[in-house]
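Opening my notebook on a new protein today. I'll jot down what I look up as I go.

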Amino acid sequence: ARLFSSTSSIHSFREHILSLQMGSRPSKSKTNIGDSQSSSAPTSSFETIQSLPPREGNMAAAKVYKVVGIAGSLRKGSCHAGLLRAAQKVMPEGWELEILDVNLPLFNQDLIAEDVRPREVTEFKSKVQEADAILFACAEYNFRGLYNVAPVFSLTGVMKNAIDWASINPNNFDDKPAAIFGTGGAQGSSRAQYHLRQIGVFLNIHFVQKPEILINRFSGEEIFNDDGDVISDKHTERIKDLMEALAVWTKRIAQ
């Protein structure tokens, strides 16, 4: 009797294991239940899990990095706006670039308080503040050539005005990574870019050092069309390299 009992226990145990592998519960009785019993096939554990609704937060959304672009020109066919449009097309995966409207009122320190600040200035400052990085398309004004008089070359009033608004009450550039590119005469806006780097010291902007993009518009190459768009594959590739460097630099700064 004891041997029979052990054999029955082993049989029941095997039946239990087999039922778990098949995804069904072991039957408590061998008696037929009749026509009322469900005819559907047992559901496997995998099918059960698959049918469950996803738990909220299981799949964390990948971060999208936001870069804002500031052009130093308001001209309709501006090559610097064109540089920013070219950058939009070659942003690394997971990165997006928004070109900001820099047609702002002239900076007036009487209007820096939030309750009297122009609406478009408040929107501009908010977008700079929320950005992960800044991209400056730095135009250069008043370059007259090697033998001309008064070579007073620097960044434009449009660029400086935008920087003035975003750098006070509060400084929205503080501790942000940034990159610069530009086009101009023989030295490709280099003086303006170096002046911008100097301004960035006090504002605590962390500029990418390389690659530098200093495009000579008057070299004879077909770089821009009449609308200011970049049509040179070589320069598009250089812009792509700069965007990738900015992405790496931004993540390093955030660590």
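Before anything else, a note to self: a contact means heavy atoms within 4.5 Å. With that in hand, I looked at the contacts in the protein with a separation of 6 or more, and residues 24 or more positions apart account for 74% of them. I should keep in mind that this is a predicted model.

Overall picture next. I found seven helices and eight strands in the secondary structure. The protein has 255 residues, and 36% of them are buried. I also looked up the exposed surface: about 16,500 Å², with carbon and sulfur atoms supplying 52% of it.

Then I went to strands 1 and 2. Strand 1 covers residues 65-71, strand 2 covers residues 95-99, and the two pair in the parallel sense over five bridges. Looking across that pairing, I saw Gly-69 opposite Ile-99 of strand 2. Helix 3, residues 79-89, joins strand 1 and strand 2 in a right-handed β-α-β unit.

Last stop: Ser-189. Where is it? I found Ser-189 in the loop between strand 6 (177-184) and helix 6 (190-203). Is Ser-189 buried or exposed? Ser-189 counts as buried because its relative accessible area is 0%, and the cut-off for buried is under 20%. Who touches it? Not counting neighbours within four places in sequence, Ser-189 is in contact with Cys-138, Glu-140, Gly-182, Thr-183 and Gly-184. For Cys-138 I noted a distance too: its backbone oxygen lies 3.3 Å from a polar atom of the Ser-189 side chain.

Definitions and conventions: Residues numbered from 1 in each chain as written. Predicted model: local features only at pLDDT ≥ 70, side-chain atom pairs only at ≥ 80, totals over all residues. Heavy atoms only, no water. Pairing = 2+ DSSP bridges. Helix = DSSP H or I, 4+ residues; strand = E, 2+ residues; numbered from the N terminus. Right-handed = clockwise from strand over helix to strand, strands pointing away. Buried < 20%, exposed > 50% of the residue type's maximum accessible area, 1.4 Å probe, protein only. Polar contact = N/O pair within 3.5 Å; in protein donor to acceptor, adjacent residues only side chain to side chain. Areas by Shrake-Rupley, 256 points an atom, 1.4 Å probe, with all protein chains shown as cover.
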